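Subject: Structure for you to look at

Dear colleague,

I am handing over the structure we spoke of, and my notes on what was found in it follow below. Please have it open while you read.

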Amino acid sequence: MINIRHHPGFRHIILIPFALALLAIIFLPSYHLLSINWYDEKRVITLFILLSSAISYILSARQCRNLSRLYLSWPRWLRYSLPLFFLLGIISSINSFNPFFALVEVSNFALLFLFCLQVAIIRSTYGKVIDITIILSFLLFAVLYLLDVSASVYAMFIVGSINSPFDLFANFINPRFFNQLQSTTFPFLLITPFLFPKYTKFTWPLFLIPACWWMLALIAGGRGVTLATLIGLILSVCLFPAAWKKWLISAAAVLIAGTIGATVMDSYILSF
């Protein structure tokens, strides 16, 4: 009798939380899936994904072995400091003003950490196909959200001027939440023009998408994503001097086009 944790079919179960996370990134910002407010909806779905990730560890013996090998490959000081870090978080939570919510927050960080390790294991197991999957998922998310913003701008011409540029980000309670998602996805969008070098007809659309993404970052006043992008570009040039020229030229063109687009939107289209 085969133990369920050792069943061959369960070795791929780690893909389920990963796929759910990508689907959430693609559709949640543009579509309202649950009959609760946007903020609570995202928290509930995020919690479901993190719990499914934790459950997949229980169901897959192979994943547990991979996690153990990954953990043991780290430097000794890191292996010892991580449990101490979470122990300090638990002690601090117990002595906080509201121990229950503090412990929930520490548990959330622990689940996020396990999910990050799971993504690392998936990348190590399945190779570059995971890279392409992530990039294309972020690209689809950007396209859907840009279509949503375009519909808002079009509606503005019918109804009249909007009250604030933040109205373009109605699916987020605060545009800063959108900026956080932007800072994660923008570096991946910058390399999309190089995904299909043999098909030059895709170059311009794949160039316009990150340019529009940068335009939205400027319209939303995302100082964090702006600073992170510029620092990332500088570090990329310093760390990868042999391969930076072509990519940096494309990235610079994206930033310039996005800045011009934001200026046009701010001066001639959006009225506050």
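Two rings of Phe, Tyr or Trp (for Trp, the six-membered ring) are taken as a pair if their centres lie within 6.5 Å, and planes over 60 degrees apart make the pair edge-to-face. By this rule, the count in the model, which is a predicted one, comes to twelve aromatic pairs.

One of these pairs is formed by Phe138 and Phe188, whose ring centres are 5.0 Å apart and whose planes stand at 75 degrees, so the pair is edge-to-face. The two residues belong to distant parts of the chain, since Phe138 sits in helix α6 (residues 128–159) and Phe188 in helix α7 (residues 175–190), 50 residues apart. With a relative accessibility of 5%, Phe138 counts as buried, whereas Phe188, with a relative accessible area of 30%, is partly exposed.

Helix α7 also takes part in a second long-range pair, in which Phe178 of α7 meets Trp213 of helix α8 (residues 203–219), 35 residues apart. The geometry of Phe178 and Trp213 is edge-to-face, with 5.4 Å from centre to centre and 75 degrees between the planes, and both residues are buried. Elsewhere, ring pairs join Tyr71, Trp74, Phe85, Phe86 and Phe113 into a cluster.

You may also wish to look at the largest pocket, which holds about 1,400 Å³ of space. Its lining is made up of 37 residues, and those closest to the centre of the pocket are Lys42, Thr46, Leu50, Leu112 and Leu181. The elements that give two or more residues to this lining are α1 (15–27), α2 (38–59), α5 (99–126), α6 and α7, and the largest share, eleven residues, comes from α5. Sorted by class, the lining of the largest pocket has 28 nonpolar, six polar and three charged residues.

A last site to examine is Ser93, which is placed in helix α4 (residues 76–94). Is Ser93 buried or exposed? At a relative accessibility of 5%, Ser93 counts as buried, because the cut-off for that class is under 20% relative accessible area. If the neighbours within four places in sequence are left aside, Ser93 is in contact with Pro99, Ala102, Leu103 and Val106.

With best wishes

Conventions. Residues are numbered from 1 along each chain as its sequence is written. This is a predicted model: local features need pLDDT of at least 70, side-chain atom pairs count only at pLDDT 80 or more; totals for chains, interfaces and linings use all residues. Side-chain values use heavy atoms; hydrogens and water are left out. Rings of Phe, Tyr and Trp (its six-membered ring) pair if their centres lie within 6.5 Å; planes under 30 degrees apart count as stacked, over 60 as edge-to-face and the rest as tilted. Helices (H or I, at least four residues) and strands (E, at least two) are DSSP runs, numbered from the N terminus. Buried means under 20% relative accessible area, exposed over 50%, partly exposed in between (1.4 Å probe, protein chains only). On a 1 Å grid over the protein atoms alone, a cavity is a set of points where a 1.4 Å probe fits but cannot get out, and a pocket is an open set with protein on both sides within 12 Å along at least five of seven lines; lining residues have an atom within 4 Å of a point. Grid points are joined across faces, edges and corners, and a volume is the space filled by probe spheres set on the points. Ala, Val, Leu, Ile, Met, Phe, Trp, Tyr, Cys and Pro count as nonpolar, Asp, Glu, Lys and Arg as charged, and the others, Gly among them, as polar. Contact means heavy atoms within 4.5 Å.
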